[in-house]
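Me: Got a minute to walk through a model with me? I'd like to go over the metal sites and some helix packing.

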Amino acid sequence: MKAVIYNKPGDVSVEKIADPKIQDERDVILRVTKSAVCGSDLHFYRGIVPMDEGFVVGHEFMGVIEEVGKGARGLKKGDRVVAPFWVSCGSCVHCKNGLPTSCGGGGGCFGFGEGFGGYGGGQAEFVRVALADTTLEKVPEKIEDEKLLFLGDVFSTSYYCAELADIKPGQTVVIYGDGPLGLLAVPSARLFGAAEIIVVGHHKYRLDMAKKAGADTVINSSKEDATERIMDITGGVGADAALECIGSQDALLDTFKVTRPGGVISFIGLFLEPVPVPMLDFYLKNFTLRGGVCPAKNYITKLLPLVENGTVDPSFIITHDLPLADTPKGYEIMDKRTDNAVKVVLTP
Ligand SMILES: [Zn+2]
Ligand SMILES: [Zn+2]
């Protein structure tokens, strides 16, 4: 099969490698129909997180089951499924506590190397899914891949960020980030009843998309002081909730400046370095800070009805649909923010 292989920072390539095989009775082999380059793939692409040379990458994918291990109960050849980015056993204490991303029963992330479970990724024609009966979620036939794909990662993650922020109807919400997560946080915050949604970013083409997605105000932080503007909009009070959708220390520290006393700060960005949290502000303003990796498995079936009935169409973030062979170009344009790229999806 053809698959996307990590070579070294700044270098992925499409190679012909052996087809994956069933190794355990709970495995399935999935024929990938659509996958995506995720913002977190850029971490190894930029050399910020280590990755094994020669490893098949990609953790956002969906497809049709091609082959089923005899212990993968409830799944059959031909089933259409979305994969959350994390493999989980469904029966360990963490899975039972609702955190499949902490699974201690063989859990791990697709496409992130041996350090994350060694599960080959989905930027490929086929992928082996371990613990498939408790990892995969079936999806209906009649909806396009483009609308379903992000249930496995970015849409669920953005929704999770809004949910953690405990948004109440009528509230003002600030979203930091104009990438796929920030953009999908706009309809997510609206679902919880946010009345005023402010998006802070620094790419005009992305902020235009945020506006189209329903943001009431967009602020280009490379052109104006976002903190000042947000305090103006909120009459000097601050926003009820701030969502950090980047993984940027500057943005996280800014959330402490624009959130009202008693407000909630939630984050789904990935912080690779410690952040000096201003504990005195935290203390004097009684903030709540919540965040973490999204247990996406739990959100696929929860959010599916919203996609099915057209309440949210997450496909609006897609700017490029490339053949698998062009994946290296997909990484490059997402990394360099060229060609007005926001989200690149891949068709094997
Ligand atoms: Zn991801
Ligand atoms: Zn588990």
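Me: What geometry does the site of the zinc ion (ligand 2) have?
Reply: Tetrahedral, with angles of 100 to 118° among its four donor atoms. Keep in mind that this is a predicted model.

Me: Which protein atoms are the donors there?
Reply: Four SG atoms, from Cys89, Cys92, Cys95 and Cys103. They lie 2.3 to 2.4 Å from the zinc ion (ligand 2).

Me: What spacing do those donors follow along the chain?
Reply: For the zinc ion (ligand 2) it reads C-x2-C-x2-C-x7-C.

Me: Is Cys89 buried or exposed? And why?
Reply: Cys89 is buried, because its relative accessible area is 6% and the cut-off for buried is under 20%. Cys92 is also buried, at 15%.

Me: Now the other zinc. What are the protein donors of ligand 1?
Reply: Cys38 through SG, His59 through NE2 and Asp153 through OD. Their distances from the zinc ion (ligand 1) run from 1.9 to 2.2 Å.

Me: And what is the spacing for ligand 1?
Reply: C-x20-H-x93-D along the chain. Cys38 and Asp153 are 115 residues apart, so the pair links distant parts of the chain.

Me: Where do Cys38 and Asp153 sit?
Reply: Cys38 is in the loop between strand E3 (28-37) and helix H1 (41-45). Asp153 is in the loop between helix H4 (145-148) and H5.

Me: Are those two buried or exposed?
Reply: Both Cys38 and Asp153 are buried.

Me: On to helices. At what angle do H5 and H11 pack?
Reply: About 95°, with the axes 10 Å apart. That makes H5 roughly perpendicular to H11. H5 covers residues 154-164 and H11 covers 297-308.

Me: Which residues meet?
Reply: From H5, Phe155, Ser156, Tyr159, Tyr160 and Glu163. From H11, Tyr299, Ile300, Lys302, Leu303 and Val307.

Me: How many of the residues in that contact are nonpolar, polar or charged?
Reply: Seven nonpolar, one polar and two charged, for the contact of H5 with H11.

Me: Different helix. Which residues of H7 are buried?
Reply: In H7 (residues 204-212), Tyr205, Arg206, Leu207, Met209 and Ala210 are buried.

Me: What covers the buried residues of H7?
Reply: The cover includes helix H6 (180-191) and three strands: E11 (196-201), E12 (217-220) and E16 (318-323).

Me: Last one. What phi does Gly214 take?
Reply: A positive phi, about 115°. Gly214 comes just after H7.

How values were computed:
Residues numbered from 1 in each chain as written. Chains lettered and ligands numbered in written order. Predicted model: local features only at pLDDT ≥ 70, side-chain atom pairs only at ≥ 80, totals over all residues. Heavy atoms only, no water. Axes fitted to C-alpha atoms, helices over the stretch in contact; angles between N-to-C directions. Helix = DSSP H or I, 4+ residues; strand = E, 2+ residues; numbered from the N terminus. Parallel < 35°, antiparallel > 145°, perpendicular 65-115°, else oblique. Contact = heavy atoms within 4.5 Å. Nonpolar A, V, L, I, M, F, W, Y, C, P; charged D, E, K, R; others polar. Donors = N, O, S within 2.8 Å, 3.2 Å for Na, K, Ca; no water. Buried < 20%, exposed > 50% of the residue type's maximum accessible area, 1.4 Å probe, protein only. Tetrahedral: all angles 85-135°; square planar, octahedral: opposite > 155°, others 65-115°.
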